[in-house]
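Please open the model in a viewer and keep the sequence panel visible. The tour below proceeds by selection, one stop at a time.

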Amino acid sequence: MAGVSDVREIIAGDGETGVEITRNVRRWVDEQVIPNATELEHSGEFPARIHADMCEMGIFGITFPESHGGLGLSFETYSAVIEEISRGWMGLAGIINTNVIDGWIIDEHGTQEQKDRFLPGLATGEKQGCFTITEPNAGSDAQAIRTTASRDADDYILNGNKLFVTNGDRGDVYLAMTKTDPSAQPRHRGISAFLVEKDTPGFSVARTIDKLGYKGPETAELFLEDARVPADNLLGGSEGRGFQQMISGLEIGRINVASRATGVAQAAFDAAIVYAQQRETMGQQIAQHQAIQLKLAEMATKIRAARLLTRDAARKKDSGQRSDLDVGMAKLFATEVALECSLESMRVHGGVGYTKELPVERFYRDAPLMAVAEGTNEIQRIVIARRLLELYKVE
Amino acid sequence: MDVIVCVKQIPDPETPAAAFKVDEAAMQVLPAQGISPVISPFDAQAVEAALRIKDASGDGCVNIISLGPDSARDAIKHSLAMGADEGYHLKDDAFEGGDAWTTALALSKAIQHLGVPDVLIFGRQAADWDQGTVGSIVAELLDLPSATVLRAVELNGDRITVSRVVADGFENIELPTPCVLTISNEFGDPRYPQLRQIMQAARKQVTEFTAADLGLDPSEVGAAGARVQMHALYQPTSDVEVEIIEGDTPEEKAAGLVNALREAKIL
């Protein structure tokens, strides 16, 4: 949309490359995603052609190291790209997210052999990565997981089930959090992460779960029944480090979610400001009514703030500094803005915004996912507050 | 097979009409706020045609030339990101204010400077001024055969078979090389650059040529050498008035319509 592109293009990290990549992805989103998104989303089909385009362009590999088939670019550029893609269809960002999280965790914590084996396929998108912590009795309290892994000669035997696994039905490799020592205290010392491959005996997809929105990537429940995983697939080769390894990936996921929230909010705003100049009531465009102007101003201001907060968090991550606070704030703020803007856009549209004729109802169904996924915003506030209390501790 | 493609950076043709403004006094188009210029879509298709020729022939280079201010560099970079090999930017204050003739003259000098390739490709017209003459003038200046407004291009040994879009259908002809081709929108969509190629293009050096580098005197190019003189530049306005023909029955309405058309001297 005219007038805001200059702000969208504030990407310092990779110079000209980041800006050019963002512009090209934007054009692809305008030409290939937006015209098809609503129909594909309503059908519930997996967007195979769009997925093939994303692989072909190399979108999955933006942040992967160049040594393993990636572009080695910044999370700042990644954030701008995810925003553009989500402006077209938020679900697509979910297909990318788990590859990028897995890739980052494997690159950071995996053995050389694991990097060589898993990173190239995840970087091209040819292999679908999944990231599984959640279980029926463990969500925000991740250390409460019950899936166990016990050593048996050169293998580990995994038992348990994993819930809400994004891309779970099409996964090739599942980064799974398990307990190798269920009685360990503190609990996280007993947690280990495994790279579970889809053809593992004893591994199965139990079902896919229907959702309000967030179509595109399917959400699955997995069973691990005496699943035999080679010890070589224990992430980093040592037990007891799985909690830190997995949690470190959440920041990557939250940069993705904050970016996609900004994209959905932008799409909702774009639709609203165009419609407000087309629809007339009482002899003038509704955009001339102060009630509508207040909404447009609020939306645009908050979207700009969400974008700047998100890029800033990504830059912090790129700098290698601890960034949980920054990323958490961006995720919290941007996802609340997406919720608010999707509803406000619907109000600007009036009745037609509630119909399936326009994409606003899709934004409205997609927005809540981001406030509850990758850590609910309630947990997010607690995480932010705990960190603030550490930083501002009064002796 | 070696190919040179000449491309132009233009105001985005998708710019909403409301954002399009001209300065009538200066006779210039004002850049729309916040909307980046783009490679002319026909030129992106010309690059696509060149890349397909290179792929089909199995060897050779696709090189890009663009004449224009700093922003022309982006059209070159876009072409490089699509897969072209080298970029050349004709950049000189002396080039400013030129017309199709001075552009074609400078391009033809640059092409001679680099060596005339097997195929020279242009978009059928730049999507800003829509004159569609530069390709043909370059062909004339270089004394090369040309085929314009093409929807298909195929390699046929060392000859080129093309299909032209003409008023009542298509015209298929064969050309020897070297030759000049201009590509129409019927050719098909240009490829999306891969992100890796965008990254490599960003790092690639673009060679710049001034008028003097090409042996051109400032009096021959730009406004000084232009053969077209602009007398006015303005946005046409169209005032549409709607008149509803009233009537109780379809017959009455039809009679009213006939009367109105007669009054307007349309019937």
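The stops that follow cover strands, a helix pair, peptide bonds, backbone angles and cysteines. Please bear in mind throughout that this is a predicted model.

**Stop 1: strands of chain A**

Begin with strand β7 of chain A, residues 219–230, and add strand β3 of chain A, residues 155–166. The two strands run antiparallel and are joined by nine bridges. To find one point of pairing, select A:Ile157, whose bridge partner in β7(A) is A:Arg228.

Keep β7(A) selected and add strand β6 of chain A, residues 203–208. This pairing is also in the antiparallel sense and extends over five bridges. Here the residue to pick is A:Arg207, which has A:Glu221 in β7(A) as its bridge partner. Strand β7(A) therefore pairs with β3(A) as well as with β6(A).

Next, select β4 (173–179) and β5 (191–197) of chain A. Seven bridges link β4(A) and β5(A), and the strands run antiparallel. A:Leu175 marks one position in this pairing, with A:Leu195 as its bridge partner in β5(A). Is β5(A) largely enclosed or not? Of its seven residues, six are buried, so β5(A) is largely enclosed by the rest of the structure.

**Stop 2: two cis peptide bonds**

Remain with β4(A) and β5(A) and select A:Pro186, which is found in the loop between them. The peptide bond joining A:Gln185 and A:Pro186 is cis, with omega about -10°.

Now move to chain B and select B:Pro178, in the loop between β11 (169–176) and β12 (179–183) of that chain. A cis peptide bond joins B:Thr177 to B:Pro178, with omega about -5°.

**Stop 3: positive phi in chain B**

Select B:Met27, in the loop between β3 (21–23) and β4 (28–30) of chain B. Its phi is near 50°, a positive value in a residue other than glycine. B:Met27 is partly exposed, with a relative accessible area of 27%.

Continue to B:Lys265, in the segment after α7 (250–263) of chain B. B:Lys265 is not a glycine either, yet has a positive phi of about 60°. With a relative accessibility of 72%, B:Lys265 counts as exposed.

**Stop 4: a helix pair in chain A**

Return to chain A and select helix α7, residues 242–278, together with helix α9, residues 324–349. Their axes come within 8 Å and cross at roughly 25°. That angle makes α7(A) roughly parallel to α9(A), because angles under 35 degrees count as roughly parallel. The crossing of α7(A) and α9(A) is left-handed. Colouring the contact of α7(A) with α9(A) by residue class shows 17 nonpolar, five polar and four charged residues.

**Stop 5: the cysteines**

Finally, display the cysteine side chains. How many disulfides does the structure hold? Over all chains there are zero.

Select A:Cys130 and A:Cys55: the sulfur of A:Cys55 is the closest cysteine sulfur to that of A:Cys130, yet at 14 Å it is too far for a bond. A disulfide requires sulfur atoms within 2.5 Å. A:Cys130 is buried, with a relative accessible area of 0%.

In chain B, select B:Cys61, which is in no disulfide. The nearest cysteine sulfur to B:Cys61 is that of B:Cys6, 16 Å away. B:Cys61 counts as partly exposed, at 33% relative accessibility.

How values were computed. Residues are numbered from 1 along each chain as its sequence is written. Chains are lettered from A and ligands numbered from 1 in the order in which they are written. This is a predicted model: local features need pLDDT of at least 70, side-chain atom pairs count only at pLDDT 80 or more; totals for chains, interfaces and linings use all residues. Side-chain values use heavy atoms; hydrogens and water are left out. Axes are lines fitted to C-alpha atoms, for helices over the stretch in contact, and angles run from 0 to 180 degrees between N-to-C directions. Helices (H or I, at least four residues) and strands (E, at least two) are DSSP runs, numbered from the N terminus. Angles under 35 degrees count as roughly parallel, over 145 as roughly antiparallel, 65 to 115 as roughly perpendicular and the rest as oblique. A crossing is left-handed if the near helix is turned anticlockwise from the far one by less than a right angle, and right-handed if clockwise. Ala, Val, Leu, Ile, Met, Phe, Trp, Tyr, Cys and Pro count as nonpolar, Asp, Glu, Lys and Arg as charged, and the others, Gly among them, as polar. Buried means under 20% relative accessible area, exposed over 50%, partly exposed in between (1.4 Å probe, protein chains only). Two strands pair if DSSP finds at least two bridges between them.
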